[in-house]
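User: Please take a close look at a single part of this model. I would like to know how that part sits in its own chain and what it does at the contact with the other chain.

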Amino acid sequence: MKSRISTRFIVFVVAVMLLLSVFGCKMEPEDKVLQMSTTTSVNDSGLMAYLQPEFEKATGYTLEITSAGTGAAIEKGRMGDADMLLVHSKSAEEEFIAEGFNEERIPFMYNFFVIVGPPEDPAGVASAVTAAEAFQKIADTGSLFISRGDNSGTHNKENAIWASIEYDPTAQAWYESIGQGMGDTLTMANERQAYTLSDKATFLAHENDLAMHLEETDDMKNTYSMIIISKDRFADSNVAGAQAFVDWVQSDAAKTMIADYGKAAYGEALFFNMD
Amino acid sequence: MELINSIFDFIFGPDPELRQIIAVTLRMSFFSTLISALLGIPLGVLLGANNFKSKPFVSRLVNTLLGLPPVVAGLVVFLLLSRSGPFGTFKLLYTVNAMVIAQVLLITPFVIAMTANLVGVNAASINETLAGIGITGMKRLKYFLIDYRIPFISIILAGFGRSIAEVGAVQMVGGNVQHKTRVMTTAIMMQTNMGRFEFAIALGIVLLLVSFLINSIVNQFQKAVGDD
């Protein structure tokens, strides 16, 4: 009797295992899943969630998006944990390409960074014409400035603006580097009533009492690019899927979606297509 | 090998930043553990050594607080200390003091619960003995504190371990400000978010080394106390 039960048990286990393996086979073939590594600003703005279902419907691919700071987002590509990158940091992208992950980066849309700060604008940033001039005013008045300090695309842009006026703020008491994401940085800038550089989409989506003092200057242009991870580096990279996204996102239908995004919620576009 | 090199660089290298991060970490952990021990051990003894009507309820309350997620503690302290919060005028947010406050909120229930459990086991017989020589009421507290001084050190060390390893609450109320409130755990988070995984692991190992060192020192002290 006892041995019959254990035989039955073994048959049961085998049956369950067979059943599970059948389910496993029925799952989407691996090349139908496209893994994209992107930055928090793209994801937090809600743009990807808005584009994703349309892309999946049009191409049949399943898009899996992970978001992190630009540094970590690119590192995922480097370690083979993504098929493509969607990031916004030219210098980091060029470095990545130089390492042989692909021949090209594909710039496809842009928006503008904004300088935000206390509504009273003690540094007079609003009267500046360029971001460089605004930063100079902040430095001259010693107004508190919170820096992302996390090697993100936004942080790299901030560094580039400081570099353009040949000024190193890192040792100044009014300059605080916090190594955190855009949302946390805006929270701290709000609490301390400090200035900071933000992407517009995240700023508009964030609840705070800060005011936008400067926007749409040439030196605050923020270009988003895609990089497909070459099969030469990771043989299982889903290049076909990534190419399908690259083609789709530059189609007329997708371009219209991108140009319209944000108009309903904020009354203005948040992203602009490259010509 | 590269990992070992970078660990060595951190501790003895020319860049003072890591040593500064370790100093802030130790300052925060030391004060939060000290305050939690001063509050938690007497309260734990009172809870463990006495029988009173609401004891099951109080025990349950303390155990519930043990499950308080650090981010919730962080959020509560954040809202209290915020510019628009009730204690905003003290300008405590994004300081080491704010981190200590959040940590005390997290560690004190832990110290109370551990102390009460420890003392509770033999409380009945100790109470009887003390009553036999005429010691009752609050006067017993002193005897419990002296009797259990060695295991108390272990509880304090466990509290210290919690404090030095916490990240969610200190990130929220400390803000990971460079040279000011950046501690080991928030630095590790930051490096991870930046994709510098090896650097982050090296920092993690340094954190363990620091913990090991402190445990070794305190254990020596514990032995010395035990030998008295």
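The part in view is helix α4 of chain A.

Analyst: The model is predicted, and every value below is computed from it. Chain A has 12 helices and 10 strands, and α4(A) covers residues 70–78.

Start with the chain around the helix. Of the 275 residues of chain A, 42% count as buried. The C-alpha trace spans about 90 × 45 × 40 Å along its principal axes. Chain A has a radius of gyration of 23 Å, whereas a compact globule of 275 residues would have one near 19 Å. Among contacts between residues at least 6 apart in sequence, 75% join residues at least 24 apart.

Now the helix itself. Helix α4(A) is mostly covered, with seven of its nine residues buried. These are A:Thr70, A:Gly71, A:Ala72, A:Ala73, A:Ile74, A:Glu75 and A:Gly77. A residue counts as buried here if 20 or more other C-beta atoms lie within 10 Å of its own. Just after the helix, A:Gly80 takes a positive phi of about 80°.

The helix also takes part in the contact between the chains. That contact takes 16 residues from chain A and 13 residues from chain B. On the side of chain A, α4, β6 (175–177) and α8 (182–192) each supply at least two residues. The largest share, four residues, comes from α4(A). By class, this side of chain A has five nonpolar, seven polar and four charged residues.

Taken together, α4(A) is mostly covered and gives the largest share of the side of chain A that touches chain B.

Key:
Residues are numbered from 1 along each chain as its sequence is written. Chains are lettered from A and ligands numbered from 1 in the order in which they are written. This is a predicted model: local features need pLDDT of at least 70, side-chain atom pairs count only at pLDDT 80 or more; totals for chains, interfaces and linings use all residues. A residue is buried if 20 or more other C-beta atoms lie within 10 Å of its own, exposed if 12 or fewer, and partly exposed in between; C-beta atoms are placed from the backbone. Two residues are in contact if their C-beta atoms, placed from the backbone, lie within 7 Å. Ala, Val, Leu, Ile, Met, Phe, Trp, Tyr, Cys and Pro count as nonpolar, Asp, Glu, Lys and Arg as charged, and the others, Gly among them, as polar. The radius of gyration is taken over C-alpha atoms; the globule rule is 2.2 Å times the number of residues to the power 0.38.
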